[in-house]
Amino acid sequence: MLSGVPQRSILGPLLYTIYTADIPHSNTTILSTFADDTAIFAAHPDPILASANLQVHLHSLEKWTRKWRLKINETKSMHITFTLRRGQCPPVYINRMVVPQAETVKYLEPLFDKRLTWKNHVATKRKQLDLKTHEIHWLIGKHSPLSLENKLLIYKTVLKPVWMYGIELWRCATKSSIAVIQRYQSKLLRSITNAPRYVSNHTLHFNLHIPYVHTIFRERTATHSTALGSHPNPLMEPLVHPPNTKRLKRRWTFDELH
């Protein structure tokens, strides 16, 4: 091999980390990397300057990739503007190709929309839950011969992680979005137990020892807040103490903890 590292190998992740350790940074942007997924953030009240700062960093990345013979997949790169205002930031370019602008972008599984409402993320998770539930309905449905204990175990290990992944971030979603996940859980518990209609959702959750969705959110958010407060990375501190200026009374992830 003349460049890069072998994929699907035991040493691949370690070698790739060493190979890309000197990736260029910029004082006007924030670089976030996880394996080969790279995100660059540029924040500025003026959208023109925000794109300009981002473009300067992209130019340095182009030179760096040519030096180390790395290939950027321009077609998979996305450009999104996080703002409550109308309009978007001016386009940016990679290797003289315009980076497509999008209303939503997926990064490390969560789906971020331009206004950070998490509505699209919740809708996507709801569809994934429906598909997975349909696939294993013969195991957890009311006609399944499995015991109730095993059905609950399947829910906790197969279905529940689908919507729990990344909830520390989208805890600030609207109550209506969170209710979408709660309705799914209540419906599934009723199907698993084949409970009649007169049995309330509260009784199902209490007897099965399944906490409500908002309770799980609060517990995971508290744990996440504690971890960020003691994190050695100084970039984590502003996440625990957000600015006092808020527009449209938007909720923050840790609002209910204070």
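**Figure 1. Glu74 and its salt-bridge partner Lys71.** In this predicted model, Glu74 is buried because its relative accessible area is 11%, where buried means under 20% relative accessible area, exposed over 50%, and partly exposed in between, with a 1.4 Å probe and protein chains only. Its partner Lys71 is exposed, with a relative accessible area of 72%. Between Glu74 and Lys71 the closest N and O atoms lie 3.9 Å apart, and a salt bridge is counted when a side-chain nitrogen of Lys or Arg is within 4 Å of a carboxyl oxygen of Asp or Glu. Over the whole structure, the search finds five salt bridges. Residues are numbered from 1 along each chain as its sequence is written, local features need pLDDT of at least 70, and side-chain atom pairs count only at pLDDT 80 or more. Totals for chains, interfaces and linings use all residues, while side-chain values use heavy atoms, with hydrogens and water left out.

**Figure 2. Glu109, with a salt bridge and a positive phi.** Glu109 sits in the loop between strand E5 (104-106) and strand E6 (111-113); helices (H or I, at least four residues) and strands (E, at least two) are DSSP runs, numbered from the N terminus. Most residues other than glycine have a negative phi. The phi of Glu109, however, is positive, near 90°. Glu109 forms a salt bridge with Lys106, for which the closest N and O atoms are 3.9 Å apart. The relative accessible area of Glu109 is 29%, which makes the residue partly exposed, whereas Lys106 at 53% counts as exposed.

**Figure 3. The salt bridge between Asp130 and Arg126 in helix H3.** The side chains of Asp130 and Arg126 meet in a salt bridge with an N to O distance of 2.3 Å. Because the two residues are four apart in helix H3 (residues 119-135), about one helical turn separates Asp130 from Arg126. Asp130 is partly exposed, with 38% relative accessibility, and Arg126 is buried, with a relative accessible area of 19%. Elsewhere, salt bridges that share partners join Lys106, Glu109 and Lys125 into one network.

**Figure 4. The second largest pocket and its lining.** Arg126 and Asp130 are among the residues that line this pocket, together with Thr133, His137, Ile140, Gly141, Tyr184, Lys187, Leu188, Arg190 and Ser191. The search runs on a 1 Å grid over the protein atoms alone, and a pocket is an open set of points where a 1.4 Å probe fits, with protein on both sides within 12 Å along at least five of seven lines; lining residues have an atom within 4 Å of a point. The pocket has a volume of about 210 Å³, a volume being the space filled by probe spheres set on the points, which are joined across faces, edges and corners. H3, helix H4 (137-140) and helix H6 (175-193) each supply at least two residues of the lining, and the largest share, five residues, comes from H6. By class, the lining holds three nonpolar, four polar and four charged residues, where Ala, Val, Leu, Ile, Met, Phe, Trp, Tyr, Cys and Pro count as nonpolar, Asp, Glu, Lys and Arg as charged, and the others, Gly among them, as polar.

**Figure 5. A nonpolar surface patch that includes Phe41.** Ile30, Phe41, Phe82, Leu116 and Leu235 form this patch, and their accessible area together is about 440 Å². Patches are made of residues with over 30% relative accessible area and no salt bridge, with nonpolar side chains (Val, Leu, Ile, Met, Phe, Trp, Tyr) joined within 5 Å and like charges within 9 Å, and the areas come from the Shrake-Rupley method with a 1.4 Å probe, only the protein chains shown counting as cover for residues. Phe41 belongs to strand E2 (residues 37-41) and is partly exposed, with a relative accessible area of 40%.

**Figure 6. Asn194 in the loop after H6, and Leu159 in helix H5.** Asn194 lies in the loop between H6 and helix H7 (201-208), and its phi is positive, about 55°, although the residue is not a glycine. The relative accessible area of Asn194 is 48%, so the residue is partly exposed. Leu159, found in helix H5 (residues 148-164), is buried at 0% relative accessibility. From Leu159 to Ile136 the C-alpha separation is 9.8 Å in space, with their positions 23 residues apart in sequence numbering.
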